[in-house]
Amino acid sequence: MNRIDGGCLLAAIGVLSLGSVTGAHAQQAGAADMTFFVTSVGSGKGADLGGLEGADRHCQSLAEAAGAGGKTWRAYLSTQATGGAQAINARDRIGRGPWQNAKGTVIAKDVADLHGGSNNLTKQTALTEKGEPVKGRGDSPNQHDILTGTQADGTAFPAGEDRTCGNWTRSGTEGAVMVGHHDRMGLDDSAAAKSWNASHPSRGGCSQDALRSTGGAGLFYCFAAN
């Protein structure tokens with residue numbers, strides 16, 4: 001009897017192990033097809049991302065860790081014209097689409113769709129590279145403020161008033177950054193409150209604490225550009 005019970009136990013363990021392996025393979029396959037995610041963590045230095053180059057590296061690193069490193073990943077961030085350098089539009093950096101999350105759900109078919117009223121970017125679809133949801137309004141802590149530095153149409157702000165925390169190099173009390181709400185929720189029903197990329201500027205500067213005070217964690221969107 002004990003011998004039979006032992007055999008059953010070993011068989012059960014084998015089934016469980018096979019299920020775990022199958023689940024891991026399925027998750028890896030889903031990640032390989034992923035072309036959009038919200039970073040699961042920020043730089044840890046507020047809006048100082050090391051410029052666009054540092055932000056892109058962060059996207060690439062997180063994607064590689066998730067099994068989706070075989071693509072060129074770009075941060076959805078704009079920069080403002082300064083010191084003779086031209087502005088860069090977030091919408092021009094992310095390829096042509098379509099883009100889908102780690103679960104295979106398409107969030108937009110192209111750049112026009114992404115910046116139109118019919119995109120499928122919501123709290124349920126704006127997942128991290130791990131396929132996990134990001135905390136939003138009503139959760140603790142609220143982290144729905146996503147860094148973009150971008151106007152609603154995906155273009156850069158004009159030179160002058162800072163909306164990119166010094167083009168992603170500031171982490172102190174100076175400057176501000178435009179953020180969007182990944183959960184499409186805010187204090188009211190205005191278009192800005194429901195905007196995924198242009199809800200409001202940060203308050204109190206560009207530090208991690210300043211971003212946290214309005215409901216953020218220094219997270220940003222990443223798109224596969226190829």
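This tour visits a strand and then several salt bridges of the structure shown above.

The model is predicted, so local features need pLDDT of at least 70 and side-chain atom pairs count only at pLDDT 80 or more, while totals for chains, interfaces and linings use all residues. Residues are numbered from 1 along each chain as its sequence is written, and side-chain values use heavy atoms, with hydrogens and water left out.

**First stop: strand S8**

Select residues 216-224, which form strand S8. Helices (H or I, at least four residues) and strands (E, at least two) are DSSP runs, numbered from the N terminus. Of the 9 residues in S8, 9 are buried, so the strand is largely enclosed by the rest of the structure. Here buried means under 20% relative accessible area, exposed means over 50%, and partly exposed lies in between (1.4 Å probe, protein chains only).

In a regular strand the side chains alternate between the two faces of the sheet. Colour Gly216, Gly218, Phe220, Cys222 and Ala224 as one side of S8, and Ala217, Leu219, Tyr221 and Phe223 as the other; both faces are covered.

**Second stop: the partners of S8**

Two strands pair if DSSP finds at least two bridges between them. Add residues 36-38, strand S1, which pairs with S8 in the antiparallel sense over 3 bridges; Val38 has Tyr221 as its bridge partner. Next, show S2, which runs antiparallel to S8 and is joined to it by 3 bridges. Arg74 is bridged to Phe223 of S8. Finally, select residues 145-147, strand S5, which pairs with S8 in the parallel sense, again over 3 bridges. The bridge partner of Ile146 in S8 is Leu219.

**Third stop: salt bridges**

A salt bridge is a side-chain nitrogen of Lys or Arg within 4 Å of a carboxyl oxygen of Asp or Glu. The structure holds 8 of them.

Select Arg93 and Asp56, whose closest N and O atoms are 2.6 Å apart. Arg93 lies in the loop between strands S2 (73-75) and S3 (99-100) and Asp56 in helix H2 (residues 51-66), so this salt bridge ties together parts that are 37 residues apart in sequence. Arg93 is buried at 11% relative accessibility, and Asp56 is buried at 14%.

Move to Asp162 and Arg170, which meet in a salt bridge at 2.8 Å, N to O. Asp162 is buried at 16%, whereas Arg170 is partly exposed at 28%. Add Glu174 to the selection: Asp162, Arg170 and Glu174 are linked in a network of salt bridges.

End at helix H5 (residues 208-213), where Asp209 and Arg212 lie 3 residues apart, about one turn of the helix. Their side chains form a salt bridge of 2.6 Å, N to O. Asp209 is exposed at 55%, and Arg212 is partly exposed at 47%.
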